Amino acid sequence: MSHLHKTTSSSPAALLTTAPPMPAPHPVSVRSRSAAHSTAFGRPRDFLGNRFIYLTVSARARGLSVGVNLNPDRLCNFDCAYCDVDRRLPLPEQTLDVDAMAEELQHTLDLVISGRIHDHPAYRSLPRELLVLRHVALSGDGEPTLCPNFSDAVEAVVHVRARGTFPFFKIVLLTNATGLDTPAVDLSLKLLTDADEIWAKLDAGTQSFMDRVNNPQVPLKHILANILTLGRQRPVIIQSMFLALNGQGPTTDELAEYLARLNELKSAGAHIPLVQVYSPTRPMARAECGHLPLKNLSDIAKLIRSSTGLPAEVF
Ligand code: SF4
């Protein structure tokens, strides 16, 4: 089977049918990108001594993201090949203490918005534009919608914002979309404004490929139905992780199926303002997983734009 590769044609057919195998992971272009990221985007999450709130400099956020770890228990119903959460380590926290989280959020926002974060040794050398708060992310070491007190947590974050102590900040939910149809999650999402965003993971177009990449406990069909239902109510940004598995990127057939799923979502009425295309930048625990070179990611984004008409960006 052929694979996506470097081509001068922007035609999806040419891109899909003429490509030889994906290059092995970590070519020169990948190393140089990682080196640049190591100064900012490649750095690990920084909890600053907090239990639930962390800082990350995120390419997809285009700067500083304050994250809420809704899964201190590391609970997830996916087992992604690229997951960087080490579930063998002892748990520092078992459950999310919403009151403590809200207090930490206040302090962390104060640190960031006051600019005092610049005085912190770990951030002193970073460009100031990277330290502007871009959003508060509901995310974590697992699937946030599985958090038993998800509703309380969303309410608490919305409440911190509503107090008006800080300038308005955007809230972003990062989710694998499996729990979007649960009543508590559905109700909680109604607390979000139009300025807030939902980023839903979609890494595959077929169940078999999803099984390889995400090893999910929920079928692809269910996930697509959830994205469609929510996408008919409010915009849903799709985030798609592409990686080299045993040195091979996604096959032409798999990419065609992935594009077909995007087209189906779009034609059924899902509002997808953006597809984020990216590849893991942090080291992956599984030896078979590698970063996909920037050129391949760019080709995939080009394909998405030309085959679906959806905006797509590489991060
Ligand atoms: S959905 Fe996220 S937390 Fe869950 S296994 Fe995948 S990468 Fe890890």
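**Strands, helices and a ligand shell**

Reader: How do you know that strand β6 is joined to strand β8?

Author: Parallel strands β6 (residues 237-241) and β8 (residues 275-278) share 4 bridges. Two strands pair if DSSP finds at least two bridges between them, so these strands pair. One of the links is between M241 and its partner in β8, Y278. Strands are DSSP runs (E, at least two residues) and helices likewise (H or I, at least four), numbered from the N terminus. This is a predicted model, in which local features need pLDDT of at least 70 and side-chain atom pairs 80 or more, while totals for chains, interfaces and linings use all residues. Residue numbers start from 1 along each chain as its sequence is written.

Reader: What makes β1 and β10 edge strands?

Author: The open, mixed sheet has 8 strands in the order β1-β2-β3-β4-β5-β6-β8-β10. Both β1 (53-58) and β10 (312-314) have a single partner strand, so one side of each lacks a neighbour in the sheet. From one strand to the next, the twist averages 25 degrees.

Reader: Why is α8 called oblique to α9?

Author: Their axes, lines fitted to C-alpha atoms over the stretch in contact, give angles from 0 to 180 degrees between N-to-C directions. Helices α8 (residues 252-267) and α9 (residues 294-308) cross at roughly 45 degrees, with axes coming within 10 Å. Under 35 degrees is roughly parallel, over 145 roughly antiparallel, 65 to 115 roughly perpendicular and the rest oblique. An angle of roughly 45 degrees therefore makes α8 oblique to α9. Among the residues that meet (C-beta atoms, placed from the backbone, within 7 Å) are L255 and K266 of α8 and I300 and T308 of α9. The contact has 6 nonpolar, 3 polar and 1 charged residues.

Reader: Why are α3 and α4 given another label, roughly parallel?

Author: Helix α3 and helix α4 (residues 150-162) pack at about 30 degrees, with axes 10 Å apart. That angle is therefore in the roughly parallel class. The contact includes V98 and Q106 of α3 with D152 and V160 of α4. It comprises 8 nonpolar, 1 polar and 1 charged residues. Helix α3 (residues 98-113) also lies across β1, β2 (63-69) and β3 (133-139), at about 170 degrees to β2.

Reader: Which residues surround the ligand?

Author: C76, F78, D79, C80, C83, V85, G142, E143 and N176 do, each with its backbone-placed C-beta atom within 6 Å. Happily, the classes are easy to follow: Ala, Val, Leu, Ile, Met, Phe, Trp, Tyr, Cys and Pro are nonpolar, Asp, Glu, Lys and Arg charged, and the others, Gly among them, polar. The shell thus divides into 5 nonpolar, 2 polar and 2 charged residues.

Notes: Two residues are in contact if their C-beta atoms, placed from the backbone, lie within 7 Å.
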